[in-house]
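Thanks for coming, everyone. Please bring the structure up on your screens, and I'll walk you through it.

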Amino acid sequence: MKRSGRRARLGRVYHCPICGAELSVINAGGAEPHPYCCNEPMEVVELINRVFHCPVCSSEVMVIQEGGGRLEPKCCNRPMIALDAITK
Ligand SMILES: [Zn+2]
Ligand SMILES: [Zn+2]
């Protein structure tokens, strides 16, 4: 069985060098996605958007833009857990 070695990574960002469109992986499945835009493959950006998970209701939120403050999302009256999507 051949393995590509690359899996979808939660929060990975893809950028279109032509029009500037950006995508982010919200649900990491087994395979590496290959999004296209403007008839060109989109580039992987080294940026990973952080995702927070609620252990009570399973809601998940993704950070689109970090500010200078200390981000502490809460859900169901509890702090949300930062998913460590960086593990390989
Ligand atoms: Zn484009
Ligand atoms: Zn919740």
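Start with an open sheet of 3 strands, in the order β2-β1-β5. The pairing is antiparallel. One thing before we go on: this is a predicted model.

Which strands are at the edges here? They are β2 and β5, and each pairs on one side only. The twist averages 30 degrees from one strand to the next.

Let's go through the pairings. Strand β1 covers residues 12-15. With β5, β1 pairs over 4 bridges, in the antiparallel sense. Take two positions in β1. R12 has I48 as its bridge partner in β5. Y14 stands opposite V44, also in β5.

Now the other neighbour. β1 and β2 pair over 3 bridges, again antiparallel. H15 stands opposite E22 in β2. These two strands make a hairpin with 6 residues between them. Look for G20 in that hairpin. G20 takes a positive phi, near 85 degrees.

A reminder for reading any sheet on the screen. In a regular strand, side chains alternate between the two faces of the sheet.

Next, a pocket. I mean the second largest one, with about 200 Å³ of space. Which residues line this pocket? From the early part of the chain, the lining includes V13, E22, L23 and S24. Then come L47, I48, N49 and R50. V63, I64, Q65 and E66 complete the list.

Two elements give two or more residues to that lining: β2, residues 22-24, and β5, residues 43-48. The largest share comes from β2, with 3 residues. What is the chemical make-up of the lining? The residues divide into 6 nonpolar, 3 polar and 3 charged. Notice that E22 turns up twice in this talk. E22 lines the pocket, and E22 also faces H15 across the β1 and β2 pairing. I48 is similar: a lining residue and the bridge partner of R12.

On to another sheet. This is an open sheet of 3 strands, in the order β7-β6-β10. The pairing is antiparallel here too. β7, residues 60-62, and β10 stand at the edges. Each has a single partner strand, so one side of each is left without a neighbour in the sheet. The twist averages 30 degrees from one strand to the next.

β6 runs from 51 to 53. β6 and β7 run antiparallel, joined by 3 bridges. F52 has V61 as its bridge partner in β7.

Now look at I81, in strand β10, residues 81-83. Which residues does I81 contact, beyond its neighbours within four places in sequence? They are V51, F52, H53 and P55. Pick out V51. I81 and V51 are 30 residues apart in sequence, yet 8.4 Å apart in space, C-alpha to C-alpha. Is I81 buried or exposed? Neither: I81 is partly exposed, because its relative accessible area is 43%, and that class lies between 20% and 50%.

Stay by this sheet for one more residue. S58 lies in the loop between β6 and β7. Phi of S58 is near 70 degrees, a positive value in a residue other than glycine. S58 has 48% relative accessibility, so S58 counts as partly exposed.

There is another such residue further along. N77 is in the loop between β8, residues 74-75, and β9, residues 78-79. N77 is not a glycine, but its phi is positive, about 65 degrees. How accessible is N77? Its relative accessibility is 82%, so N77 counts as exposed.

Last stop: Y36. You'll find Y36 in strand β3, residues 36-37. Y36 is exposed, because its relative accessible area is 57%, and the cut-off is over 50%. What does Y36 touch, not counting residues up to four places away in sequence? The answer is P41 and M42. One distance to finish. Y36 and C16 are 20 residues apart in sequence, and 7.9 Å apart in space, C-alpha to C-alpha.

That's the tour. Thank you.

Key
Residues numbered from 1 in each chain as written. Chains lettered and ligands numbered in written order. Predicted model: local features only at pLDDT ≥ 70, side-chain atom pairs only at ≥ 80, totals over all residues. Heavy atoms only, no water. Buried < 20%, exposed > 50% of the residue type's maximum accessible area, 1.4 Å probe, protein only. Contact = heavy atoms within 4.5 Å. Pairing = 2+ DSSP bridges. Axes fitted to C-alpha atoms, helices over the stretch in contact; angles between N-to-C directions. 1 Å grid on protein atoms, 1.4 Å probe; cavity = no way out; pocket = protein on both sides within 12 Å on 5 of 7 lines; lining within 4 Å. Points joined across faces, edges and corners; volume = space filled by probe spheres on them. Nonpolar A, V, L, I, M, F, W, Y, C, P; charged D, E, K, R; others polar.
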